[in-house]
Amino acid sequence: MDTAIGQGDFQTDVGGKPILLTGLSELLQQVWIRLQAKRGAFCYLPSLGSRLATLSESQWATPTVLSCIEEALTDGPAVTILGTEVHAGTLDVTVSTRYGIGTVTIQLGKEEKDWKN
């Protein structure tokens with residue numbers, strides 16, 4: 001179980017209580033955090049995060065991006081990367097989990113959650 005994060009803060013329901021995530025949504029948020037965070041930025045866990053921020057947008061369609069994603073997810077949730085797709089300013093990463101298949105959208109320079117299941 002995890003607390004939903006959105007727009008840089010915990011998401012709450014209309015009563016002000018934190019929204020809890022389980023299953024596919026929980027795993028997708030964990031994947032998103034590991035891919036969106038800059039590797040080495042969290043001093044207590046320097047291996048958290050990815051090197052995607054170091055890549056130029058033109059490198060997103062190369063094998064380098066897959067290497068960065070695999071590195072970020074090494075110690076993370078049990079997922080299988082099914083594919084990546086580049087769009088204008090975003091990178092979609094589709095993963096398979098024990099709860100199903102979902103897509104995480106990475107937007108470099110933005111701190112917002114975006115995933116679909």
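Author: Two strands count as paired if DSSP finds at least two bridges between them. The model discussed here is predicted.

Reader: What makes E6 and E7 a pair, and in which sense do they run?

Author: Strand E6 (residues 90–97) and strand E7 are joined over 7 bridges. The definition asks for at least two, so the two strands pair. Their sense is antiparallel. One position in this pairing is valine 93, which stands opposite valine 104 in E7. The two strands form a hairpin, with 2 residues between them.

Reader: How do you know that strand E7 is largely enclosed by the rest of the structure?

Author: E7 covers residues 100–106, and 5 of its 7 residues are buried, so the strand is described as largely enclosed. Buried here stands for a relative accessible area under 20%.

Reader: Which strand is joined to E6 by 7 bridges?

Author: That is strand E5 (residues 80–87), which runs antiparallel to E6. Within this pairing, valine 86 has leucine 91 of E6 as its bridge partner. E5 and E6 also form a hairpin with 2 residues between them. Glycine 89, in the turn, has a positive phi of about 75°.

Reader: What is notable about the phi of glutamine 7?

Author: Its phi is positive, about 55°, although glutamine 7 is not a glycine. Most residues other than glycine have a negative phi. Glutamine 7 sits in the loop between strand E2 (5–6) and strand E3 (9–10).

Reader: Is glutamine 7 buried or exposed?

Author: Its relative accessibility is 75%, and exposed means over 50%, so glutamine 7 counts as exposed.

Reader: How many aromatic pairs does a search of the whole structure find?

Author: The search finds 1. The rings of phenylalanine 42 and tyrosine 44 form it, with their centres 5.7 Å apart and their planes at 65°.

Reader: Why is the pair of phenylalanine 42 and tyrosine 44 called edge-to-face?

Author: Ring centres must lie within 6.5 Å to pair, and planes over 60 degrees apart count as edge-to-face. The values of 5.7 Å and 65° satisfy both conditions, so the pair is edge-to-face.

Reader: How are phenylalanine 42 and tyrosine 44 classed by relative accessibility?

Author: Phenylalanine 42 is at 41%, so it counts as partly exposed. Tyrosine 44 is at 70%, over the 50% limit, so tyrosine 44 counts as exposed. Tyrosine 44 lies in the loop between H1 and H2. Its C-alpha atom is separated by 27 Å from that of threonine 80, 36 residues apart along the chain.

Reader: What makes the span of helix H1 agree with the expected one?

Author: Helix H1 (residues 23–36) has 14 residues and should span 20 Å at 1.5 Å a residue; its end C-alpha atoms are 20 Å apart, so the two agree.

Reader: Why is H1 called mostly covered?

Author: In H1, 11 of the 14 residues are buried. Among them are Leu24, Leu28, Val31 and Trp32.

Reader: Why are H1 and H2 called oblique to each other?

Author: H1 and helix H2 (residues 63–73) pack at an angle of about 120°, with their axes 9 Å apart. Roughly perpendicular ends at 115 degrees and roughly antiparallel begins over 145, so the two helices are oblique. Their crossing is right-handed.

Reader: How do you know that leucine 48 is buried?

Author: Leucine 48 has a relative accessible area of 17%, which is under 20%, so it is buried. Leucine 48 is in the loop between H1 and H2. The C-alpha atoms of leucine 48 and glutamate 70 are separated by 12 Å, with the two 22 residues apart along the chain.

Technical notes:
Residues are numbered from 1 along each chain as its sequence is written. This is a predicted model: local features need pLDDT of at least 70, side-chain atom pairs count only at pLDDT 80 or more; totals for chains, interfaces and linings use all residues. Side-chain values use heavy atoms; hydrogens and water are left out. Buried means under 20% relative accessible area, exposed over 50%, partly exposed in between (1.4 Å probe, protein chains only). Helices (H or I, at least four residues) and strands (E, at least two) are DSSP runs, numbered from the N terminus. Rings of Phe, Tyr and Trp (its six-membered ring) pair if their centres lie within 6.5 Å; planes under 30 degrees apart count as stacked, over 60 as edge-to-face and the rest as tilted. The expected span of a helix is 1.5 Å times one less than its number of residues. Axes are lines fitted to C-alpha atoms, for helices over the stretch in contact, and angles run from 0 to 180 degrees between N-to-C directions. Angles under 35 degrees count as roughly parallel, over 145 as roughly antiparallel, 65 to 115 as roughly perpendicular and the rest as oblique. A crossing is left-handed if the near helix is turned anticlockwise from the far one by less than a right angle, and right-handed if clockwise.
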